[in-house]
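Let's take a stroll through this structure together. Have the sequence handy as you read.

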Amino acid sequence: MSSLSSKQGPRYRHVAGETEPYETIGVEKLTPIIGAEISGVDLAGSLSNRTMDEIHRALAENLVIFFRDQHITPAQHLAFGRKFGDLHIHPAAPHEGDDAALMKIYADKDSPRANGEGWHTDVSCDEEPPMGSILYIKQCPPRGGDTLFANMYAAYESLSDRMKAYLDGLTALHDGEQTYRGLYANYGVADRPQYPRAEHPVVRTHPVTGKKALYVNRGFTRFLIGVPRDESDAMLAYLYQHAENPLFQCRFRWTENAIAFWDNRCAQHRAMWDYWPHTRSGTRVTVKGERPV
Ligand SMILES: O=C(O)CCC(=O)C(=O)O
Ligand SMILES: [Fe+2]
């Protein structure tokens, strides 16, 4: 019997804990571990303080929340984002219209690529990466184009105590250069002389929940600081493989005019480009975050 047998129970035991009922919104979990669909909210209308508190709470508890059938203007999309903090301007991606905070998300049959095709955390190469992103998909392919999200608290918690001890205090370099240079050339975006790079802890503590989350991602993390490069490569390869275990994931099936709002400090995501030759398009508003600690 191999040591991978399930005799010791599941690899990850999620403990949800008791929660108070919500009063002004409906919260339907997609999985026990990550993701919830919110109902009873019209983001084009005004939101009471109570509803805002409950949206914050649903995001903290589920890491990514979804709203369907929302009909909001770009101004309303931006205003909803600003309720959570100042808006983040992407260092490379094109924007829709005049406001640089309204990022364009688009792929069709002629696109060389689609946004977010590999597992990543948004813009972790920034000194202060975004706290969250609010993606509004207006046009969907007939099927496909799902987005996957993964819970990095669960990824951290399910590591062995020995691995947690190894990672404690370790930092990693995150670099936008390889990711962004030339990436948006098809939209006529000129490259910048340089792209952001930053050093972040491999395990960060979420400023709201106080929980520890694994904080390395294939999109931006380049190497661990202070260990030989071959060790860093092998360790990061293991951590990515671990973080990408489907046990920690949910998969959102989009419908037109749905919104996903993810907490970028404790979740990774990946968009599926499986719908060629169809078109998928929308806009994203991104909320500024803090320096990871
Ligand atoms: O298109 C998507 O579903 C997600 C793309 C992405 O990675 C992002 O907007 O941050
Ligand atoms: Fe992304």
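What follows goes from the overall fold to the ligand site and then to two spots in the backbone.

First, some housekeeping: this is a predicted model, so local features need pLDDT of at least 70 and side-chain atom pairs count only at pLDDT 80 or more, while totals for chains, interfaces and linings use all residues. Residues are numbered from 1 along each chain as its sequence is written, chains are lettered from A and ligands numbered from 1 in the order written, and side-chain values use heavy atoms, leaving out hydrogens and water.

The protein chain has 6 helices and 15 strands; these are DSSP runs numbered from the N terminus, with at least four residues for a helix (H or I) and at least two for a strand (E). Its C-alpha atoms fill a box of roughly 55 × 50 × 35 Å along the principal axes.

Now to ligand 1. The residues around it are Ile105, Asn115, Gly116, His120, Asp122, Leu135, Thr147, Trp262, His269, Ala271, Arg280 and Arg284, each with a heavy atom within 4 Å of the ligand. Strand E14 (267–271) and strand E15 (280–287) each supply at least two residues of this shell.

Which side chains put a polar atom 2.6 Å or 2.7 Å from an oxygen atom of ligand 1? Threonine 147 does so at 2.6 Å, and arginine 280 at 2.7 Å. For arginine 284, a side-chain N or O atom is 2.6 Å from a ligand oxygen. The protein covers 98% of the 290 Å² of accessible area that ligand 1 has on its own (Shrake-Rupley method, 1.4 Å probe).

Finally, the backbone. Most residues other than glycine have a negative phi, and most peptide bonds are trans. Tryptophan 276 and proline 277, however, are joined by a cis peptide bond, with omega about 10°. Proline 277 sits in the loop between E14 and E15. Aspartate 69 has a positive phi, near 50°, and lies in the loop between strand E3 (64–67) and helix H2 (74–82).

Notes. Polar contact = N/O pair within 3.5 Å; in protein donor to acceptor, adjacent residues only side chain to side chain.
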